[in-house]
Amino acid sequence: MSGDIILRAEGLKRSFVTRKPLFGPATVVQAVDGVDLSILKGETFAIVGESGCGKSTLARLLVRLIDPSEGSVWYDGADIAQLPPEALRALRSDLQFIFQDPFSSLNPQMTVGALIEEPLITHGIGDKDERRARVDDLLTRIGLTPAHADRYPHEFSGGQRQRVGIARALATGPKVIIGDEPVSALDVSIQAQVVNILEDLKEAFGLTLVVIAHDLAVIRHMADRVAVMYLGEIVEVAPAEGLFTAPRHPYTETLLAAIPIARVGPRRAKARIEGDLPNPTAPPPGCRFHTRCSHAQDRCKTERPTLRDLTGRQVACHFAETLDLTGLTGGDAARSPSARARFALYRAARAQEGGITASEKTDSSTKETLS
Amino acid sequence: MNLNAPLLDVRDLSIQVAGVRPPLVDRISFSLRAGQTLCIVGESGCGKSLTSLALMGLLQTPPLSIAGGTAQFAGRDLLTMTRRELGQVRGDRMAMIFQEPMSSLNPSLKIGEQIAEAVRRHKGVSREAARARALEMLERVRIPAAAKRLDAYPHELSGGMRQRAMIAMALANDPELLIADEPTTALDVTIQAQILDLMRDLQAETGAAMILITHDLGVVAEMADQVAVMYAGRIVETGPVAQVFDDPQHPYTIGLMSSMPSLGARSDRLVTIPGVVPQAAAMPDGCRFSTRCPFRTPICDNVPPLTSLGNEHEVACFHAPLEQTPKLRVVGA
């Protein structure tokens, strides 16, 4: 990873009016409330947090799918928050978005080939033959075949449709791909296929990947660095390894402790969080997490902590240096040698089938026999 | 009554959809004793939810129908009960918790009224007594300011609180059997942890048996005594949770566990299960996982029976244990 910053947010804010009565003041929620972050060229950067934390809003702000209320997003020397529409359109070919739901994000009346070709036409890339070649190439890369170009989205499974969404995002040769829960709607086995494809394509095209997710295991697997959000703010940014094994913010610790681990054994004493997320239209004063934090002190109730540098990471907690927090300790299931041999057999057998290329072929052929 | 007799004993349950020959759920059997938790785990379309709906008498008939089997619950067959008889058992001796509390709570009735109604329907107590029971239940599921919440409408509660209210309603009549279908899937991870803790505590208090349906192996590991892994309408592996997790035998179980990203250390590449579950009409006659299995051989054109490996651990694979099947060792080497 080079240290070059490719995308940088500065004091980014976005509010939404959630209720506007005929008389009296409107109810406003600060979905993103003062976010600074830098995304490095070539890295996979993850934004995690629970519903309502503002992660999806932040993702959309980063590519200006929505306009910020305040602040700027710097890409390639320009503040994209200020760009006029024409300049913004040109930028779209560099910054692409993958949506969570492959069912609602693909026009059901267009063939898969037309869907992947559309961004090329919009951006005036190539002539008809070149575009067709590009579509064929992309289809092959996501494990389909050029013959699939004439099919419609409903003829594909959820995993295949999400791959089409990825191919469409890749058509214009973007530098940065932002995925909002790109694999959350998929079953575990299908999710693994899509994660592998995303990682292969990232490698092949030298992409920078920003992934929004609530599934921390997927993040642990994919991300180089992780930002944790709570009520519109980033509370911790750290390299994935450090964040998962040694969190420095109490909310990160709580989030990690809440993950159900697929391992049978003595149950850990858990740092359980009490209560619900506070009402985001009236976030608590001081540190927003203090109402649910077991380490909170008087200072936390009044003084809002800012994101500050600690060795190798940034944390927004007054007591980040002194708190003794627990992360996830490694280790998988306590498997016997024979069970481990079985897993090795499975892995080897899959590898022999030829990795994803073969797997996708099986996938599409399954569908073909059905239609 | 024999104390060791299972509370629920399901034998060869099959569920069919009109016009499609292969059953959606194909001769599944399991049993459950008081106080036990059985987790049924599998991916979309494996039949886990259909199974629970069939037990509750909530299958959409037609087009779905029960094509065979029995489900003995406290000595009676749930599958042959009349609608009226089921209505007496449901919500009383057995209760269900759904994934989305918003769609299973009546949006126009206050929480307290809904719980009280469930109590009055089965226990024939006074309005006051039913309301008192509703309050007691809201307190038991640790809803803060429970007395105030009695008069709240479902939309006024957060997702986590709604799921607590659902649980309060399900447990109001002290059921012996609780069926929970993805009870925490719609919730955030910290709220999920709270609800799972709560369900475990309440189960320990009441001694109810629970069938927990989930796609999340993490939830299984935290909650289950027994596990049944379902694939395409069949149980492919079942046993005590420690056996299934530490010594999984079916290629599907192994594949599922391999496709999960590890929280421990970062791996280079996820091992996948290629392909998709065949659609009902294209279901193979033999092993239903054979279309996606790297170990398939001609014998897999037959239906593999669930075979005991000892320790109550059963697997439906001709090649189990895989590491002792000579041919496969060559493939893997």
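Mentor: Helices here are DSSP runs of H or I with at least four residues, and strands are E runs of at least two, numbered from the N terminus. The model is predicted. On that numbering, A:R304 is found in the loop between α10 and β11 (308-310) of chain A.

Trainee: What makes A:R304 partly exposed?

Mentor: Its relative accessible area is 40%. Buried needs under 20% and exposed needs over 50%, so a value in between is partly exposed.

Trainee: Which residues does A:R304 touch, leaving out those up to four places away in sequence?

Mentor: A:D33, A:E233, A:G286, A:C287, A:R288 and A:H318. A:H318 is 14 residues from A:R304 along the chain, and their C-alpha atoms are separated by 8.6 Å.

Trainee: How do you know that A:H290 is buried?

Mentor: A:H290 has a relative accessible area of 14%. The cut-off for buried is under 20%, so A:H290 passes. A:H290 is in the loop between α9 and α10 of chain A. Not counting residues up to four places away in sequence, A:H290 touches A:P284, A:P285, A:A296, A:C300 and A:K301.

Trainee: How many aromatic pairs does the structure hold over all chains?

Mentor: Eight. One of them joins A:Y230 and A:Y251, at 4.6 Å centre to centre with 50° between the planes.

Trainee: Why is the pair of A:Y230 and A:Y251 called tilted?

Mentor: Pairing needs centres within 6.5 Å, and 4.6 Å qualifies. Stacked needs planes under 30 degrees apart and edge-to-face needs over 60. The 50° here meets neither, so the pair is tilted. The pair links distant parts of the chain: A:Y230 is in strand β9 (residues 225-230), A:Y251 is in helix α9, and they are 21 residues apart.

Trainee: What makes the pair of A:Y251 and A:F289 edge-to-face?

Mentor: The centres are 5.2 Å apart and the planes are at 65°. That angle is over 60, so edge-to-face applies. A:F289 sits in the loop between α9 and α10 (298-302) of chain A, 38 residues from A:Y251. A:Y230, A:Y251 and A:F289 form one aromatic cluster.

Trainee: Are A:Y251 and A:F289 buried or exposed, and how do you know?

Mentor: A:Y251 has 0% relative accessibility. A:F289 has 1%. The limit is under 20%, so each counts as buried. A:Y230 is buried too.

Trainee: Why is helix α1 (residues 55-62) of chain A called largely enclosed by the rest of the structure?

Mentor: Six of its eight residues are buried, so the description fits. The buried ones are A:K55, A:T57, A:L58, A:A59, A:L61 and A:L62. A:R64 follows α1(A), with a positive phi near 50°.

Trainee: What makes α9(A) and α8(B) oblique to each other?

Mentor: The axes of α9 (residues 250-258) of chain A and α8 (residues 189-206) of chain B come within 8 Å and cross at roughly 50°. Roughly parallel needs under 35 degrees, roughly perpendicular 65 to 115, and roughly antiparallel over 145. An angle of roughly 50° fits none of these, so the helices are oblique. The crossing is left-handed.

Trainee: Which residues make the contact of α9(A) and α8(B)?

Mentor: A:T254, A:L255 and A:A258 from α9(A), with B:V189, B:T190 and B:A193 from α8(B).

Trainee: How many nonpolar, polar and charged residues does the contact have?

Mentor: Four nonpolar, two polar and no charged residues. Ala, Val and Leu count as nonpolar, whereas Thr is on neither the nonpolar nor the charged list and so counts as polar.

How values were computed
Residues numbered from 1 in each chain as written. Chains lettered and ligands numbered in written order. Predicted model: local features only at pLDDT ≥ 70, side-chain atom pairs only at ≥ 80, totals over all residues. Heavy atoms only, no water. Axes fitted to C-alpha atoms, helices over the stretch in contact; angles between N-to-C directions. Left-handed = near helix turned anticlockwise from the far one by under 90°. Contact = heavy atoms within 4.5 Å. Buried < 20%, exposed > 50% of the residue type's maximum accessible area, 1.4 Å probe, protein only. Phe/Tyr/Trp six-rings, centres within 6.5 Å; stacked < 30°, edge-to-face > 60°.
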